[in-house]
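Let's work through a few short exercises together. Keep the viewer open and try each task before reading its solution.

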Amino acid sequence: MENPIDAPPSDHAEPSQVEPALEAALPGERDEASDAPGRTGAGFANAPALLVTQGKHRFYTLVLPSDLLAATCTVEARLDNPIDGFQRLLDKKRAREIADYIDSGFGSVPSAIILSAQPRAQLQFDRKSGELTFRKDPRSFLIIDGQHRVYGFNLAAKSVKVPVVVYNRLTRAQECQLFMDINTKQRPVPPELLLDIRRLSESETEAEALLHNVFDLFSNDEKSVLAGLLSPSERRKGKISRVTFNAALKSIDGAFVDASAQDVYQVLNAYLRACLNGLRYHGAEANIANPALFKALVLLFANVAERVSDRYGGRYTTQNFEDILGPFFRKLKKSELPKPATGHLALYEHYRKALSSGFSLKQWLFA
């Protein structure tokens with residue numbers, strides 16, 4: 001029997017064409033498509049479906065209630081079945097988050113669940129009614145993609161309608177290949193872009209809105225020390241991404257309680273300008289865009305700001321920051337070469353100690 005996923009297209013089918021489910025059966029699908037009405041009874045379920053052709057690939061698209069979906073699907077986790085299993089283990093916390101999102105009242109997850117019909121499903125397609133019929137069996141369908149959504153929908157207090165794609169008569173090798181294709185050929189949205197568009201979705205928290213506004217001031221103000229060094233929606237070499245920037249500022253958010261974005265920007269801009277001047281003393285100003293170094297310098301801000309406050313009564317100007325940081329940077333020796341990549345916490349610890357002890361830190365700067 002020819003597998004429908006590899007069956008040649010019919011004469012009238014074009015690639016990516018959606019064919020009405022009630023039209024003639026395709027080659028290799030004669031035993032599941034019939035003019036006879038689908039099976040009925042308590043042990044079977046049916047739903048309107050469309051037969052989709054994408055090149056050589058054929059599958060059914062339909063909508064099923066989440067409780068029926070959960071009652072007829074299973075997974076083959078690799079850990080549970082090391083011979084034939086290929087799915088990851090279920091993360092119940094993630095599934096619970098999906099359930100809570102659905103129950104919140106405005107949650108919507110429109111992406112389709114990808115299933116492979118198993119022999120016990122007894123899948124049958126009625127061309128005339130356009131309905132797909134299958135057994136209500138816990139192992140009728142193998143989940144190729146979407147196990148957390150299926151489990152999350154089932155945990156939700158209310159049933160929802162879920163878009164579903166069903167492949168039929170796939171071999172285990174083809175199921176594994178489909179799983180790999182879905183999980184390797186699709187690229188996730190960069191976290192930088194998600195942060196950048198969160199404002200458009202009107203879902204920012206107050207803290208996220210503050211970080212967003214401070215980043216934008218650093219990015220757009222002509223007096224910004226970071227002008228030309230920021231990348232809002234993607235990771236780029238030699239640039240500070242929004243994700244890196246936010247992570248750095250979150251580490252010192254206690255220093256800016258109730259402060260406006262403009263106030264945060266003015267103080268940090270003065271501080272980072274003093275840092276840049278210190279790096280320039282060693283010809284290392286470009287290193288300010290290094291994620292680890294940038295995070296370490298931002299972490300050091302509270303230590304330096306405390307000294308500026310004690311000495312200058314809280315006048316946070318570039319000059320006052322330089323008075324504290326100048327000796328710190330001048331102690332660095334050019335003969336001390338950079339060490340291999342070091343995490344920002346380790347860098348910060350050495351910077352913090354050097355601020356008091358006078359230890360030479362050229363070895364901790366990235367060249």
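**Exercise 1.** Classify Leu90 by its accessibility, then find its place and its surface partners.

*Solution.* Start with the classes: buried means under 20% relative accessible area, exposed over 50%, and partly exposed in between (1.4 Å probe, protein chains only). Leu90 has 30% relative accessibility, so it counts as partly exposed. Next, locate Leu90 in the loop between β5 (73-74) and α2 (92-103); helices (H or I, at least four residues) and strands (E, at least two) are DSSP runs, numbered from the N terminus.

Before going on, note that this is a predicted model, where local features need pLDDT of at least 70 and side-chain atom pairs pLDDT 80 or more, while totals for chains, interfaces and linings use all residues. Residues are numbered from 1 along each chain as its sequence is written, and side-chain values use heavy atoms, leaving out hydrogens and water.

**Exercise 2.** Check the length of helix α4 (residues 172-185).

*Solution.* Take 1.5 Å times one less than the number of residues. For the 14 residues of α4 this gives 20 Å, and the end C-alpha atoms are 20 Å apart, so the two agree.

**Exercise 3.** Which residues of α4 are buried, and what covers them?

*Solution.* The buried residues of α4 are Gln174, Glu175, Leu178, Phe179 and Ile182. They cover an arc (of directions from the helix axis to the C-beta atoms) of only 140°, which puts them on the same side of α4. Their cover includes β6 (113-117), β9 (141-145) and β10 (161-168). Finally, turn to the face away from this buried side: it carries the exposed residues Ala173, Thr184 and Lys185.

Notes:
Contact = heavy atoms within 4.5 Å.
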